[in-house]
Amino acid sequence: MGLWAPLNPPLRDWHGRGVWLVGASTGIGRALADALLAQGAQVVVSARPSAALVGLAGSHPALRTLALDVTDAAAVALAAPQAQALLPRLDMVVMCAGTYTPMGVSDFDLAVIRRHWEVNYLGTLHVLAAVLPRLRAQASGHVCVVGSVAGYRALPKALAYGPTKAALIHLAQGLHLELAPLGLGVSLVNPGFVATPLTAQNDFTMPALQTPTQAAQAILAGWARGDFEIHFPRRFSYTLKALGCLPMRGYEALVRRITGA
């Protein structure tokens, strides 16, 4: 199949597979937990202590929860073996913990920017450091990094959020380059606008807005195909990819026209 072969081992049968979802008490992560459980997977969900996590714990008899703050590297290191002990086998780790605050130059706030890096990027690294030794030792498994189309190229009011997602895109590409030859799968999820508590902060119309359930189904379909990058909705994400190929002058002019920035 050459260039058209799947970049990852396709994942279609979830019965008995062990999945650790990190940062999944609401939004896309919560919808993924529901979808994977429906497919027969055994799932552990980690997130910061909250009413949402408590509610999730009682939502399904097969679901396990483990409170965790991904910004605490020592806590993540302790949580990883606990999550593994709750699963028959660590087949997949999905890193979807994230924070988002709209920010432009007029409200530039270094503390908020640092928080984005601590949660979105360093939090992902903390989880990777905790699980990669196990996955490499068993020579199987899959890691999934949740990025965003906001990481493709700069957008208005994304000074805090966008750079962290661009870094995650680069990280996922590097992980696949090195882990695929070892038999491990690596996928990168780049959603467009999804109706979650985070995007509810936006004060503008979000084109091609999807529900978390639609997002979860797109991710499962991407895993089933063996995709590396899973981006959706395609009509929106492909448009942003095309815009990203433009020279800076043309790109900025189009973005300002579309967003009114």
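**Entry 1: two loop residues with positive phi**

I began with Lys157, whose place is in the loop between strand 5 and helix 5, where helices (H or I, at least four residues) and strands (E, at least two) are DSSP runs numbered from the N terminus. This is a predicted model, in which local features need pLDDT of at least 70 and side-chain atom pairs count only at pLDDT 80 or more, while totals for chains, interfaces and linings use all residues. I noted that residues are numbered from 1 along each chain as its sequence is written, and that side-chain values use heavy atoms, with hydrogens and water left out.

Lys157 has a positive phi of about 60° although it is not a glycine. Its relative accessibility is 43%, so I entered Lys157 as partly exposed; buried means under 20% relative accessible area, exposed over 50%, and partly exposed in between (1.4 Å probe, protein chains only).

I then looked up Ala139 in the loop between helix 4 and strand 5, which is not a glycine either and has a positive phi near 55°. Because its relative accessibility is 45%, Ala139 also counts as partly exposed.

**Entry 2: a cis peptide bond**

Which two residues does a cis peptide bond join? I found Phe232 and Pro233, with omega at about -10°, and Pro233 is in the loop between strand 7 (229-232) and helix 7 (234-244).

**Entry 3: aromatic rings**

I found that the structure holds four aromatic pairs. Rings of Phe, Tyr and Trp (its six-membered ring) pair if their centres lie within 6.5 Å, and planes under 30 degrees apart count as stacked, over 60 as edge-to-face and the rest as tilted.

One of the four is the tilted pair of Trp14 and Trp223, at 5.5 Å centre to centre with 50° between the planes. This pair links distant parts of the chain, since Trp14 is in the segment before strand 1 (18-22) and Trp223 is in helix 6 (residues 212-225), 209 residues apart. Are Trp14 and Trp223 buried or exposed? I noted both as buried.

For Tyr100 and Tyr161 the ring centres are 5.0 Å apart and the planes stand at 70°, so I entered this pair as edge-to-face. It too links distant parts of the chain, 61 residues apart: Tyr100 is in the loop between strand 4 (92-95) and helix 4 (110-138), and Tyr161 is in the loop between strand 5 (142-146) and helix 5 (162-179). Tyr100 and Tyr161 are both buried.

I also looked at Arg153, whose charged end sits over the ring of Tyr251, 4.2 Å from the ring centre; the rule asks for NZ of Lys or CZ of Arg within 6 Å of the ring centre and within 35 degrees of the ring normal.

**Entry 4: helix 4 and its neighbours**

Helix 4 and helix 5 pack at an angle of about 15°, with their axes 9 Å apart; axes are lines fitted to C-alpha atoms, for helices over the stretch in contact, and angles run from 0 to 180 degrees between N-to-C directions. I therefore entered helix 4 as roughly parallel to helix 5. Among the residues that meet here are Trp117, Tyr121 and Leu128 in helix 4, and Pro163, Leu168 and Leu175 in helix 5, where contact means heavy atoms within 4.5 Å.

The axes of helix 3 (residues 73-85) and helix 4 come within 8 Å and cross at roughly 40°, which means that helix 3 is oblique to helix 4. Angles under 35 degrees count as roughly parallel, over 145 as roughly antiparallel, 65 to 115 as roughly perpendicular and the rest as oblique. The residues that meet include Val76 and Ala80 in helix 3, and Val127 and Ala130 in helix 4.
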